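Open the model in your viewer and keep the residue numbering switched on. The tour goes from one selection to the next.

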Amino acid sequence: MRKYVVRFAAIGAFLGAGLGAAALVQQARHHGRAAATTPITVAKPKPHPKPVQRPKGPHDAPVPILMYHVLANPPANAPYPELYVRPADFAAQVRWLAGQGYHAVSLRRVYDFWRGRRVLPPKPIVLSFDDGYHTDFTVALPVLRARHWAGVLNLEVRNLEPVWGTRPGMVRKMIAAGWEVDAHTLTHPDLTKVGPDRLKQEVAGSRAAIRRRFGVPVDFFCYPSGRYDDAVVAAVKAAGYLGATTTNEGLATPRNLFTLNRVRVSGTDGVDGLRRKLAVASAA
Ligand SMILES: [Zn+2]
């Protein structure tokens with residue numbers, strides 16, 4: 001399996017140049033009055049309007065978790081062009097998924113299903129977006145919100161700052177639209193190569209930072225570049241996470257809560273590639 005290391009400087013230079021403040025201002029105006037406050041306590045889940053339905057039969061079915069990175073046309077000199085999915089391709093993939101009867105849900109919903117606490121829609125799927133690029137806000141959010149679908153942002157805390165990153169105001173609007181925010185460390189190191197103090201800081205510290213800043217639970221973790229070993233998994237468990245996602249290809253199952261498989265969506269996939277990858281993952 002190929003492992004990508006995202007070159008932040010390169011991607012940042014491209015996005016910073018190509019996507020101006022005007023578009024963001026327009027987005028912000030258009031989407032109006034989302035939560036402007038920063039709660040300091042972890043928000044309690046909203047009460048459900050209907051009583052929660054528990055699954056009646058088996059509740060260990062595997063669920064696909066798609067993995068996206070940047071939703072933009074790849075720049076000519078992009079070091080990792082496969083990390084870029086064109087916005088039109090993303091919209092077509094979501095349209096195709098909906099046409100196939102899929103419903104995007106949060107990882108928390110999947111976890112609750114596996115624990116027998118709550119039913120899932122008939123064909124559940126998780127759409128996860130790694131690192132924190134502002135195209136999560138400008139491209140993914142409106143496409144998913146039009147279907148009342150939740151996305152999952154795997155946030156590298158450092159990416160709240162740069163102009164090409166998911167700025168805090170964007171993250172708040174995504175949370176208000178039902179997105180789940182999970183932790184993807186503070187600075188995206190290879191966690192198998194850092195010492196115990198740094199490991200704890202990156203794993204537990206990112207959870208604490210996101211909880212403090214946005215008042216959301218941050219119950220799931222995503223390994224940077226899919227790198228983990230026993231010590232890394234132990235640190236993730238010790239930090240109180242309920243599960244963690246990898247870059248291993250396949251469907252996620254409750255047998256591997258701390259090494260959940262995903263399905264990587266690459267720039268050349270389009271709808272056909274996504275269909276093929278889902279079929280391969282489901283047949284495994
Ligand atoms: Zn990453």
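Which residue follows H6, and is its phi positive or negative? Select Gly-178: this residue comes after H6, and its phi is positive, near 100°. Keep in mind throughout that the model is predicted.

**The whole chain**

Zoom out for a moment. The protein contains 9 helices and 8 strands. Of its 284 residues, 40% are buried. Among contacts with a separation of 6 or more, 67% are between residues 24 or more positions apart.

**Helix H6**

Now select residues 168-176, which form helix H6. Colour Met-170, Val-171, Arg-172, Lys-173 and Met-174, the buried residues of this helix. To see what they pack against, add helix H5 (135-145), strand S4 (152-155), strand S5 (180-183) and H7 to the view.

**Helices H7 and H8**

Stay with H7 and select residues 196-214, then add helix H8, residues 230-238. How is such a pair described? Two packed helices are characterised by the angle between their axes and by the distance between those axes. For H7 and H8 the angle is about 45° and the axes are 9 Å apart. The two helices are therefore oblique to each other. Their crossing is right-handed.

Show the side chains at this contact:

- From H7, select Leu-199, Lys-200 and Val-203.
- From H8, select Ala-231, Val-232, Ala-235 and Val-236.

Sorted by class, the contact between H7 and H8 has 6 nonpolar residues, 1 charged residue and no polar ones.

**Ala-238**

Next pick Ala-238, which lies in helix H8. Is Ala-238 buried or exposed? Ala-238 counts as exposed because it has 12 C-beta neighbours inside 10 Å, and a residue with 12 or fewer is classed that way. Draw a distance from its C-alpha atom to that of Val-203: the viewer should give 9.3 Å, for two residues 35 positions apart along the chain.

**Strands S6 and S7**

Finally, select strand S7, residues 243-249. How many of its 7 residues are buried? The number is 5, so S7 is mostly covered. Add strand S6, residues 220-222, which pairs with S7 in the parallel sense over 3 bridges. To find one place where the strands face each other, label Phe-220 and Gly-243: Phe-220 stands opposite Gly-243 in S7.

Methods. Residues are numbered from 1 along each chain as its sequence is written. This is a predicted model: local features need pLDDT of at least 70, side-chain atom pairs count only at pLDDT 80 or more; totals for chains, interfaces and linings use all residues. Axes are lines fitted to C-alpha atoms, for helices over the stretch in contact, and angles run from 0 to 180 degrees between N-to-C directions. Helices (H or I, at least four residues) and strands (E, at least two) are DSSP runs, numbered from the N terminus. Angles under 35 degrees count as roughly parallel, over 145 as roughly antiparallel, 65 to 115 as roughly perpendicular and the rest as oblique. A crossing is left-handed if the near helix is turned anticlockwise from the far one by less than a right angle, and right-handed if clockwise. Two residues are in contact if their C-beta atoms, placed from the backbone, lie within 7 Å. Ala, Val, Leu, Ile, Met, Phe, Trp, Tyr, Cys and Pro count as nonpolar, Asp, Glu, Lys and Arg as charged, and the others, Gly among them, as polar. A residue is buried if 20 or more other C-beta atoms lie within 10 Å of its own, exposed if 12 or fewer, and partly exposed in between; C-beta atoms are placed from the backbone. Two strands pair if DSSP finds at least two bridges between them.
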